[in-house]
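These notebook entries record what I looked up about the protein surface next to the bound nucleic acid. I took one strand at a time.

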2 protein chains.
Amino acid sequence: MVNTLRTIPLFTVERLSIYLRTFRESLVEGMDFISSTEIGKRNDFTAAQVRKDLSCFGNFGIKGKGYNISELINTLETILGLDREWKVAIFGLGKLGGALASYKGLKNARFNVVAIFDVDPKKVDKTYKNIPVYHSDMLKKVVREKKIQIAIVAVPTDSAKATIQRILDAGIEGILNFTEARVPYPDEYIMKNINLAGELESISYYLIHSDR
Amino acid sequence: MVNTLRTIPLFTVERLSIYLRTFRESLVEGMDFISSTEIGKRNDFTAAQVRKDLSCFGNFGIKGKGYNISELINTLETILGLDREWKVAIFGLGKLGGALASYKGLKNARFNVVAIFDVDPKKVDKTYKNIPVYHSDMLKKVVREKKIQIAIVAVPTDSAKATIQRILDAGIEGILNFTEARVPYPDEYIMKNINLAGELESISYYLIHSDR
DNA sequence: TCCTGTGAAGTTCTTCACAGCC
DNA sequence: GGCTGTGAAGAACTTCACAGGA
């Protein structure tokens, strides 16, 4: 019984890329099939969790044998939308923005960085790693012309809120936010926040509050 | 009634840094008290959620008035362990490692990067932003001497697994992992994974599978 | 009147446990 | 014998709704 896509647990979605990575890894190792137990072992999930997650999208497993690795790679790529190219813009060409723009993993995964935005006159109207750098004032025009679908935000804290607001206004519906700013956004948009300080703070919390 | 620290929901811990940031922000705005409703509004949480989270640690609110901002900043800093200095090492001085080493937010938040590890002879035995760069072979010795407690891993994919294993072996109990590798670790350790490709993949998923 | 703190209810996610198939 | 798929049970988290204090 295939779950309708509407009711996939959020947590299942977050794990799909991990499964995909595991399948790719085991393909490289020369395996043909992999069991839910083995997938779980490699990622610290229970086998039941793995089976339940994958069963949301169809009955891919073969009883007594496991999951066909190359079949599942194709399936997961389609489910995740990696069968198409996504056009990405990076906002902020500081150290982090530059690192993200240079990151090979993006292009390999079909996330194609087609524009960088910054406000520094020394940076704009040039290219960085062959990617054109525009002044942020050009945002709406460039987004429309290049059909940009995903924004990665790596601007300084003090301009973060305004930048994100302008990205929302420009109609970019997918945002990966590396800043501390939190901005309300419409339901049909999706924003994911990565906060370095926050992650370290919760590590700090756990280091203090566990028995050791 | 104060919850014992043992039973704080994991999700509550993840939100504590967000509350702390909100309190700091409202202090800068000149506020003295802030209500759970306002905290929620700024972060897209329900007011009940905010109250329940904060009530895990004590009764900080004043009925009819809200939370005393400067008191809560101190309290949250103590709860999160930000009343002490943490010694951090960065593994991998590539673009991302360099960006993280330069990031001012770390030092301000009492996460002090005291060592960088890499294997490139052109980089080791020098300093980067005044931080000494060691060859990874020196890991155990440096960790012991400098009492490093937290590792940030930003090495290339192919050496990630081995690097993380060596960090675990060296006894660093807090790890922030920017690589795709997933390595099992003992219960008393804490590892948080940040996976750029994974985040973009789930954004991709949601862009496809929402009604628009 | 405003806002907190919190049991109780509701929702979402995870694990169990086993029938069924290879 | 090994492994999947899945209802049912259990655990974890969130929201409701209201008593009670400032």
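Entry 1. I began with the elements that line DNA strand C. In chain A, helix H1 (10-28) and helix H3 (47-55) each supply at least two residues of the surface near DNA strand C; in chain B, helix H3 (47-55), strand E2 (61-62) and strand E3 (66-68) each do so as well. I note that the model is predicted. I then asked which element contributes the largest share of the surface near DNA strand C. It is H3(A), with 4 residues.

Entry 2. I listed the residues around DNA strand C. There are 25 of them, and the closest are A:Arg15, B:Ser36, B:Arg51, B:Gly61 and B:Tyr67. Of the atoms of DNA strand C that come within 4 Å of the protein, 62% belong to sugar and phosphate. Sorted by class, the surface near DNA strand C consists of 8 nonpolar, 9 polar and 8 charged residues.

Entry 3. I looked up individual polar contacts to DNA strand C. In chain B, a polar backbone atom of B:Gly61 is 2.9 Å from a phosphate oxygen of DNA strand C. For B:Phe60, a polar backbone atom is 3.2 Å from a phosphate oxygen of the strand. In chain A, I found a backbone N or O atom of A:Lys63 at 3.2 Å from a sugar or linking oxygen of DNA strand C.

Entry 4. I turned to DNA strand D and counted its neighbours. I found 27 residues around DNA strand D, the closest being A:Ser36, A:Arg51, A:Gly61, A:Tyr67 and B:Arg15. Sugar and phosphate make up 59% of the atoms of DNA strand D that come within 4 Å of the protein. The surface near DNA strand D has 9 nonpolar, 10 polar and 8 charged residues.

Entry 5. I asked which atoms of DNA strand D are approached by B:Arg15 and B:Thr46. A polar side-chain atom of B:Arg15 lies 2.8 Å from a phosphate oxygen of DNA strand D. For B:Thr46, a polar side-chain atom lies 2.9 Å from a phosphate oxygen of DNA strand D. With B:Lys63, a polar backbone atom is 3.3 Å from a sugar or linking oxygen of DNA strand D.

Entry 6. I closed with the elements beside DNA strand D. Two or more residues each come from H3, strand E2 (61-62) and strand E3 (66-68) of chain A, and from helix H1 (10-28) and H3 of chain B. H3(B) gives the most to the surface near DNA strand D, with 4 residues.

Technical notes: Residues numbered from 1 in each chain as written. Chains lettered and ligands numbered in written order. Predicted model: local features only at pLDDT ≥ 70, side-chain atom pairs only at ≥ 80, totals over all residues. Heavy atoms only, no water. Near = heavy atom within 4 Å. Polar contact = N/O pair within 3.5 Å; in protein donor to acceptor, adjacent residues only side chain to side chain. Nonpolar A, V, L, I, M, F, W, Y, C, P; charged D, E, K, R; others polar.
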